[in-house]
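Got a few minutes to walk through a fold with me? Here it is, and then we'll take it one question at a time.

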Amino acid sequence: MDDYGPNFLTIEDENGELFELEVLDTFEIGGQEYLAALQADLPEDDPDYGIILLKIRDEDGFEVYDSIDDDDELQTVYEAFMRMLEEEEE
């Protein structure tokens, strides 16, 4: 990601609702690309506020963002993202 300010992405959830994400980073683990983001319209004190991790896949030349349904995969992706954050702080 670039260092020129926030990057925003509007996506549609499984219920057809649109919401805006502030993209924190994209990264790859084992050949699979992932996106880490925050929901842009939620205040930090909202109980639903937190990091959103999505799997990125290509569908006919377009990026498609999928939820990570496997708990082990989600844990692996979360831990990798947190390690990346820690390394950036050092």
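Q: Which residue stands opposite Asp25 in strand 3?
A: Keep in mind that this is a predicted model. Strand 2 covers residues 18–29 and strand 3 covers residues 32–39, and the two run antiparallel, joined by eight bridges. Across from Asp25, in strand 3, you'll find Ala36.

Q: What is the strand order in the open sheet?
A: The sheet has five strands with antiparallel pairing. Strand 1 (7–12) and strand 5 (62–67) are the edge strands, each pairing on one side only. From one strand to the next, the twist averages 50°. Put together, the order reads 1-2-3-4-5.

Q: Which strands does helix 1 touch, and what angle does its direction make with that of strand 2?
A: Helix 1 packs on the sheet. It touches strand 2, strand 3 and strand 4 (51–59). Its direction and that of strand 2 make an angle of about 80°.

Q: Which residue of helix 1 forms a salt bridge with Lys55?
A: Lys55 sits in strand 4 and its partner is in helix 1, 18 residues apart, so to speak a link between distant parts of the chain. The closest N and O atoms are 3.2 Å apart, and the partner is Glu73.

Q: Which residues are joined into one network by salt bridges that share partners?
A: A search of the whole structure finds three salt bridges. Glu59 bridges to Arg57, with the closest N and O atoms 2.6 Å apart, and Asp66 also forms a salt bridge with Arg57, at 2.4 Å. Shared partners make that one network: Arg57, Glu59 and Asp66.

Q: Is Asp66 buried, partly exposed or exposed?
A: Buried would need under 20% relative accessible area, and exposed would need over 50%. Asp66 has 24%. That value falls in between, so Asp66 counts as partly exposed.

Q: How much area does the nonpolar surface patch with Leu24 and Leu85 make up?
A: Leu24 is in strand 2 and is partly exposed, with a relative accessible area of 34%. Leu85 belongs to helix 1 (residues 71–89) and counts as partly exposed at 30%. Together with Ile51 and Tyr78, they make a nonpolar surface patch of about 290 Å².

Q: How far apart are the C-alpha atoms of Leu24 and Leu35?
A: Along the chain, Leu24 and Leu35 are eleven residues apart. In space, their C-alpha atoms are separated by 7.7 Å.

Technical notes. Residues numbered from 1 in each chain as written. Predicted model: local features only at pLDDT ≥ 70, side-chain atom pairs only at ≥ 80, totals over all residues. Heavy atoms only, no water. Patch = residues over 30% accessible without salt bridge, like charges linked within 9 Å, V, L, I, M, F, W, Y side chains within 5 Å. Areas by Shrake-Rupley, 256 points an atom, 1.4 Å probe, with all protein chains shown as cover. Salt bridge = Lys/Arg side-chain N within 4 Å of Asp/Glu carboxyl O. Helix = DSSP H or I, 4+ residues; strand = E, 2+ residues; numbered from the N terminus. Buried < 20%, exposed > 50% of the residue type's maximum accessible area, 1.4 Å probe, protein only. Pairing = 2+ DSSP bridges. Axes fitted to C-alpha atoms, helices over the stretch in contact; angles between N-to-C directions. Contact = heavy atoms within 4.5 Å.
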